[in-house]
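These are my notebook entries on one structure. I set out to look up its salt bridges and one of its sheets.

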Amino acid sequence: MKCKKTISLLFSVLIAAGAMCGCSSNMSIQSKGVVSIDDAAVLQPNSSILTAELLEKAATNTVVTSEDHPRWTGFNLGYFDDLGDPGTTAKTVELSAEWGFNSARVCFKYDELFSRDMTQADMDAFYILDSMVAAAIENDMHLNLALYSLPGRNVIEAAADNDYISTAELDLFINEEQQALANKVLSIIAHRYKDVPNFNLSISPLYEPTNKNLSTGLPSPDYTWDDVAAYLGKAIDAIRTESPDRLIIYEASNANDQYVIIEESTPTKAVADEKGNVVIMYNFCQMPYVYACMTDTAGKHIDNMNSSMFIPEYPAYHYAMANSVWVGAPIVIDGFLPEGTVLDLYLARSFPDTTLDISVDGISMYREDLPEAEYTTSEHLGVYYPYATSEKHISITLTEDADKITISCLGDGGFDPSGILLTYPEEYAVERWYYAQPYDVYMGTEKSEGVLLKQNYSVMLAPNYHDKGRYITVHDDLTYTSDHIVEEASADTISAWSKAISDFDGNCVIRFERADFSGGIWSEMKEYYEDTLRSFEEYGFSWWSNDWWLMTEEYPHTKVVAECPTTQYAGYEYFNLEMLELFQKYQSEE
């Protein structure tokens, strides 16, 4: 049983919850602490919090099923805070209702409630959960209880001490002993809240099941989407044994691409349809914008980390540069090419009978016969910026303004660039918002984390995996376009995503990611959210946003969002009221 860091705050939270839920504001909740898993208190909610009067009120609500429910809109409360932290209390449920949202999702780890071996339970943690359920009933809200860890599916994170090495159990879907323990977790939770109707409560038995290493970068066992679906059937049975009609909401895939989502979710949806009264949740994120700076490296201490880079713009367009050059297939760069510009060409590979030539306005500036070789390169900078330097490095400097640079092969072979860097004279520098990532600070490559305005003197051209983009135009704001877009994130791609998911499963809930993983510029983030929420409304999707953390002071959002507007609001010192008002425009009217 882990030590609760919030225990000193627990009882003031519970007293507030009791007052809010119709209990005496002078009452005190007696701490019961850690008890045996066989203690009767484990199966029954605290009657001073989840009172008989509240349960009677809940019983009068409209019957809700997977096929007949309101269009839910709201937040993932606290974005994975511990139970009792500022984002995951009864007060946050109450605020959600006060702001006009009809639902909320609270994510919590099973080992907040239980010891890892499932022999003990922490009743103080259960009381916090009781208070959130009570607040949902009092405020006519739907609360989704989402387990984002279970036995065999959990992580011990070390990042709190700037240590990025985690440990994990990841074999739930292929380990029957872990499944038995996980089913015990679900059975107890289902029994404890069996008298709360589906109008106010649903259970999500798992989080991101197809994220095989839970974003740790650790090695993970191999399992299939059929294994995921098979365990969903067992989890549903465990819940329904204790609460036969319980509405279940299941997140079938952690993928963001609509076609991958559909592929991974198809076996799960079949089980859900067979069991009945199950709503599938899908994860939305336009990766070319939100994850634009995600590193291309995975390992035991780095996965889903982002590289320190200039903050991407929205709409986001990633233009291609070809990954190979051969006879008759050069790379041509035109546009803004003033005197003093330095071109650095890095090679990944060269083939037999290759002569490399770099010409400026038709005049050869560099020529070399290359051997057959593979060159040592650095790691790719990122998924969307697969730029790398190399031990094979060629550099030229423009001695006058140029119209065109041509990088070509004159022999019968060819070569593969790993990156091209154009560095401009200082007088042409532009100022851009830059996000220095915490991981890079930890690794010593950045002095301090956060957003800052930074001078940019260069254009970084990265070869893509489709071998397209042979004609590149550089602009005087030090951006570039080419004859091919690799990926984009825009209103059009959001609409295409929504249509594909709607065609597959229109009766669903969408969980959407924060837009600040690569840092953000608020005016452009706002446009992205507007396009997203407008599309969800058009297709009638229920949704829960991960942005509670970003909207409130719980997360140092001014460190990651440039020009972020904040004000004192609702007891928070730094609150993005513009974000709340934008989400309120698209909340459900039911």
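Entry 1, salt bridges. I count a salt bridge where a side-chain nitrogen of Lys or Arg lies within 4 Å of a carboxyl oxygen of Asp or Glu. The model I searched is predicted, and side-chain atom pairs were counted only at pLDDT 80 or more. Searching the whole structure, I found 22 salt bridges.

Entry 2, Arg116 and Asp111. I looked up this pair and found a salt bridge, with 3.2 Å between the closest N and O atoms. I then checked whether each partner is buried or exposed. Arg116 has 31% relative accessibility and therefore counts as partly exposed. Asp111 is at 10%, so I list Asp111 as buried; the cut-off for buried is under 20% relative accessible area.

Entry 3, Arg470 and Asp467. The side chains of these two residues form a salt bridge with an N to O distance of 3.4 Å. Here I noted the arginine as the buried partner, since Arg470 has 13% relative accessibility. Asp467, with a relative accessible area of 24%, is partly exposed.

Entry 4, Lys526 and Glu578. I recorded a salt bridge between these side chains at 3.1 Å, N to O. Which parts of the chain does the pair link? Lys526 belongs to helix α12 (residues 522-539) and Glu578 to helix α14 (residues 577-585); the two residues are 52 residues apart, and the pair thus links distant parts of the chain. I found Lys526 partly exposed at a relative accessible area of 28%. Glu578 is partly exposed as well, at 34%.

Entry 5, a network. I traced a network of salt bridges that links Arg105, Glu208, Glu251, Arg511 and Glu513.

Entry 6, the sheet. I followed an open sheet of 6 strands, whose order I wrote down as β17-β16-β20-β14-β25-β26, with mixed pairing. Which strands stand at the edges? They are β17 (363-370) and β26 (480-482); each has a single partner strand, so one side of each is left without a neighbour in the sheet. Averaged over the sheet, I noted a turn of 15° between neighbouring strands, direction ignored.

Entry 7, the β16 and β17 pairing. I examined the partner of the edge strand β17 and found that β16 (residues 354-360) pairs with β17 in the antiparallel sense, over 7 bridges. Within this pairing I looked up Ser359, which stands opposite Ser364 in β17.

Conventions: Residues are numbered from 1 along each chain as its sequence is written. This is a predicted model: local features need pLDDT of at least 70, side-chain atom pairs count only at pLDDT 80 or more; totals for chains, interfaces and linings use all residues. Side-chain values use heavy atoms; hydrogens and water are left out. Two strands pair if DSSP finds at least two bridges between them. Helices (H or I, at least four residues) and strands (E, at least two) are DSSP runs, numbered from the N terminus. Axes are lines fitted to C-alpha atoms, for helices over the stretch in contact, and angles run from 0 to 180 degrees between N-to-C directions. Buried means under 20% relative accessible area, exposed over 50%, partly exposed in between (1.4 Å probe, protein chains only).
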